[in-house]
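Open your viewer and bring up the chain as a cartoon. We will go from an annotated stretch to the whole fold, and then down to a single residue.

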Amino acid sequence: MRRLFLCVASFALLSPFAGAELSAVKVEVLQTKLDHPWSLAFLPDNRGILITLRGGQLRLWQPGKGLSDPLTGVPKVWVNGQGGLLDVVLAPDFEHSRRVWLSYAEANHEGKAGTAVGYGRLSDDLKHLEGFKAIFRQMPKLSTGNHFGGRMVFDGKGYLFIGLGENNQRSTAQDLDKLQGKVVRLTEQGKIPSDNPFVNQAGARPEIWSYGIRNPQGMAMNPWSEVLWLNEHGPRGGDEINVPEKGKNYGWPIATWGVNYSGFKIPESQGEIVDGTEQPVFYWEKSPAVSGMAFYNRDTFPQWQQKLFIGALKEQDVIVLSVNGNNVTEDGRILRERGQRIRDVRVGPDGYLYVLTDESDGELLKVSP
């Protein structure tokens, strides 16, 4: 059941921002001329940062060297609307396997697309992805260019989580025989774990971990609780932060705090609080269009401890929130004056915040208090 007390608490979080000192940040522009960058991943030993560009390129940025030529061996992607090359993460055993995982939009012969995931081996010279293999495909393919999701997170316990949008087909998020609007859970090798919640349920996809998700755009492991958190786009209003638990229903589209873009009620909605669905730990009445997210659990900048950073596309900012268990409060914004759509936010090995701006002349930013 949706937990009403969490909803009530979230109203207080929408008051004017208190943390004025948060705006005092230092921003270093590391790279410009990135064509709609989507995600980044840090190579070990300060060897560089892998960056995906939505148009289909994987590039490497290195200190003192700048941006590489596109790496070869990247899969063919479907570039249309929100679709293209999406997330990039390193395998937990990267030092041994050198596996780089990618998510991307992939089309069928009918011109409909879905999210695919696979991996290749990063060559020793850092110029190629060798032997790329797709291990997961969202089925059926229903997107005409919207709501792919695509974020990937390894949990450190042997599993990979993938957030999948509902392809702008609302009702599919409630259909257990489809992979739209779901969080799926696989092993680190791409297999289906035997303890997934719907493995033995007739008519349900065994990959599913949780469902009722609209369009997840940020996912990360909470370092204090060691569980997965995600954020997702609402329609007009109702962007959410959820903690996707095994087998649970997060409501979309039967339960939502948003309305349709027309201003009218979502047709399938039964209200904000619906029996059998879960309440978000935080939501926004006005959608900032949330994107990448990162928890801060480093000693580099103590004033950022217990903070959660979330990018905003529509509101062109980085949102700063405080986390205490599952209680979330919004502290302020730190990049609004730059006027750039924020696509990804990550905490680097050095404790600095790294940010990608989603523009045709996108930037890689290094941010500190």
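## A tour from domain to residue

Start by selecting residues 34–366, where UniProt, in an unreviewed entry, places the feature "domain: Glucose/Sorbosone dehydrogenase". Keep in mind as you look around that this is a predicted model. Colour your selection by secondary structure: over residues 34–366 the chain is 41% strand and 1% helix. Now put a distance label between the C-alpha atoms at the two ends of that stretch, and you should read 15 Å.

**Zoom out to the whole chain.** Select everything. The protein has 24 strands and 2 helices. Its radius of gyration is 19 Å, close to the 21 Å that the globule rule gives for 369 residues, so the protein is as compact as a globular protein of that length. If you draw the principal axes, the C-alpha trace spans about 55 × 50 × 40 Å along them.

Next, switch on a surface. About 14,700 Å² of the protein is exposed, and carbon and sulfur atoms supply 48% of that area. Colour by burial instead, and 58% of the 369 residues count as buried. For a contact map, take the contacts in the protein with a separation of 6 or more: residues 24 or more positions apart account for 58% of them.

**Pick out one sheet.** Select β1, β22, β23 and β24. What is the order of the strands in this open sheet? Reading across, it goes β1-β24-β23-β22, with antiparallel pairing. The edge strands are β1 (26–34) and β22 (342–347), each pairing on one side only. Neighbouring strands here are turned by 20° against each other on average, direction ignored. As a reminder, strands of a sheet pair through backbone hydrogen bonds, either parallel or antiparallel.

**Look between β1 and β24.** Show the backbone of β1 together with β24, residues 362–368. These two strands run antiparallel, and 6 bridges join them. To find your place in the pairing, click on Glu28: Lys366 in β24 stands opposite.

**Finish at Ser368.** Stay in strand β24 and select Ser368. Is Ser368 buried or exposed? It counts as buried, because its relative accessibility is 6%, below the cut-off of 20%. To see what surrounds Ser368, leave aside its neighbours within four places in sequence and show its remaining contacts: Val25, Lys26, Phe301, Trp304 and Tyr352. Display those side chains as sticks around Ser368 for your last view.

Methods:
Residues are numbered from 1 along each chain as its sequence is written. This is a predicted model: local features need pLDDT of at least 70, side-chain atom pairs count only at pLDDT 80 or more; totals for chains, interfaces and linings use all residues. Side-chain values use heavy atoms; hydrogens and water are left out. Two strands pair if DSSP finds at least two bridges between them. Helices (H or I, at least four residues) and strands (E, at least two) are DSSP runs, numbered from the N terminus. Axes are lines fitted to C-alpha atoms, for helices over the stretch in contact, and angles run from 0 to 180 degrees between N-to-C directions. UniProt positions are given in the numbering used here, feature names are shortened, and annotations may be inferred rather than shown by experiment. The radius of gyration is taken over C-alpha atoms; the globule rule is 2.2 Å times the number of residues to the power 0.38. Buried means under 20% relative accessible area, exposed over 50%, partly exposed in between (1.4 Å probe, protein chains only). Contact means heavy atoms within 4.5 Å. Accessible areas come from the Shrake-Rupley method with a 1.4 Å probe; for residues, only the protein chains shown count as cover.
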